[in-house]
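Trainee: I should like to learn how to read the features of a protein model in an orderly way. May we work through one together?

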Amino acid sequence: MKFHSYVVLSLIALASCGPKRDPRQPVRNIPTPAVPAPSAPRGTRENIAVGAPEPENRANLPEPRAPIDPKSVEAAGQVVQHYGALIEERRFLEAAGLWGDATAAAKFAKQLDGPALHLEIGALGETEGAAGSIYTNVPVIFQASGFRRSATVILRRVNDVPGSTQEQRRWHIEQIQWDKAG
């Protein structure tokens, strides 16, 4: 009986060895395979050649090290990460919920209608205030097999002003602007 107890305790000790993951830390995303990109009307989108040098300020978004304040620029970055995950899964209706304007979200989603894309997220920008709101820009790259296009995601949240709603005080995508090739 003692031998059995030692074996069980040894197995428990062995199982507890190895790297530990903090349950509050998000699991890293695994990139999806690249597929051909959607075609677009001429003059509205310009591709960045595959293998071209990265545009400035395109360092990958680091994983958070601590809980994120919902008012912080890191929370805005999480909105972009969530948007990227949803469009990679072609869940455009849910992705539209991360926008402040459903019409603008639908219009942009039409440009992505086609084979699945991967969204690479760059370094977070600084916040800027204007008329009771806070804005930030996040550089991104939409990519698929044979397609690579950079853009800037503009996010907004209303300051905690009297009369503002919870919905207005959350970070949301205001618009996504395609960068000029160059």
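Mentor: We shall take the fold, the charged pairs, a pocket and the backbone in turn. Please keep in mind that this is a predicted model.

Trainee: How many helices and strands are there in the protein chain, and what pattern do they follow along the sequence?

Mentor: The protein chain holds four helices and five strands. Along the sequence the pattern reads α-α-α-α-β-β-β-β-β. Of the 182 residues in the protein chain, 34% are buried.

Trainee: Let us turn to charged side chains. What is a salt bridge, and how many does the count come to?

Mentor: The term applies where a side-chain nitrogen of Lys or Arg lies within 4 Å of a carboxyl oxygen of Asp or Glu. By this rule there are seven salt bridges. One of them pairs Arg-91 with Glu-94, whose closest N and O atoms are 2.6 Å apart. Arg-91 is partly exposed, with a relative accessible area of 34%, and Glu-94 is likewise partly exposed, at 44%.

Trainee: Which parts of the chain does the pair of Glu-174 and Arg-156 link?

Mentor: The side chains of Glu-174 and Arg-156 form a salt bridge with an N to O distance of 3.9 Å. This pair links distant parts of the chain, with Glu-174 in strand 5 (residues 172–178) and Arg-156 in strand 4 (residues 147–158), 18 residues apart. Glu-174 is partly exposed, with a relative accessibility of 31%, and Arg-156 is partly exposed at 22%.

Trainee: Is Arg-157 buried or exposed?

Mentor: Arg-157 counts as buried because its relative accessibility is 3%, and the cut-off for that label is under 20%. Its salt-bridge partner Asp-160, with closest N and O atoms 3.3 Å away, is partly exposed, with a relative accessible area of 44%. Salt bridges with shared partners join Arg-157 and Asp-160 with Lys-71 and Arg-169 in one network.

Trainee: What is the nearest side chain of opposite charge to Glu-120, which is buried yet has no salt bridge?

Mentor: The nearest side chain of opposite charge to Glu-120 is Arg-148, 4.1 Å away. A salt bridge requires the atoms to be within 4 Å, so this pair does not qualify. Glu-120 lies in strand 1 (residues 118–121). The side chain of Glu-120 does have a polar contact of 3.5 Å with that of Gln-143.

Trainee: I should now like to read a pocket. What is the volume of the second largest pocket, and which residues line it?

Mentor: The second largest pocket has a volume of about 190 Å³. Its lining includes Lys-71, Arg-157 and Arg-169, which also belong to the salt-bridge network described above. Among the other lining residues are Ile-68, Pro-70, Ala-75, Gln-78, Val-79 and Trp-171. By character, the lining divides into five nonpolar, two polar and four charged residues.

Trainee: Which element gives the most to the lining of the second largest pocket?

Mentor: Helix 2 (residues 73–88) gives the most, with three residues. A further lining residue, Ile-68, lies in the loop between helix 1 (2–15) and helix 2. Ile-68 is partly exposed, with a relative accessible area of 26%. Ile-68 and Gln-78 are 10 residues apart in sequence, and their C-alpha atoms are 9.2 Å apart in space.

Trainee: Where is Leu-124 found, and how far apart in space are Leu-124 and Pro-139?

Mentor: Leu-124 is found in the loop between strand 1 and strand 2 (127–130), and is partly exposed at 23% relative accessibility. Leu-124 and Pro-139 are 15 residues apart in sequence and 7.4 Å apart in space, C-alpha to C-alpha.

Trainee: Finally, the backbone. What is the phi of Arg-90, and what is that of Ala-131?

Mentor: For Arg-90, phi is near 65 degrees, a positive value in a residue other than glycine. Arg-90 sits in the loop between helix 2 and helix 3 (92–96) and is partly exposed, with 32% relative accessibility. For Ala-131, phi is near 50 degrees, again positive in a residue other than glycine. Ala-131 belongs to the loop between strand 2 and strand 3 (133–144) and counts as exposed, with 88% relative accessibility.

Conventions:
Residues numbered from 1 in each chain as written. Predicted model: local features only at pLDDT ≥ 70, side-chain atom pairs only at ≥ 80, totals over all residues. Heavy atoms only, no water. Buried < 20%, exposed > 50% of the residue type's maximum accessible area, 1.4 Å probe, protein only. Helix = DSSP H or I, 4+ residues; strand = E, 2+ residues; numbered from the N terminus. 1 Å grid on protein atoms, 1.4 Å probe; cavity = no way out; pocket = protein on both sides within 12 Å on 5 of 7 lines; lining within 4 Å. Points joined across faces, edges and corners; volume = space filled by probe spheres on them. Nonpolar A, V, L, I, M, F, W, Y, C, P; charged D, E, K, R; others polar. Lys, Arg positive; Asp, Glu negative; His and termini not counted. Polar contact = N/O pair within 3.5 Å; in protein donor to acceptor, adjacent residues only side chain to side chain.
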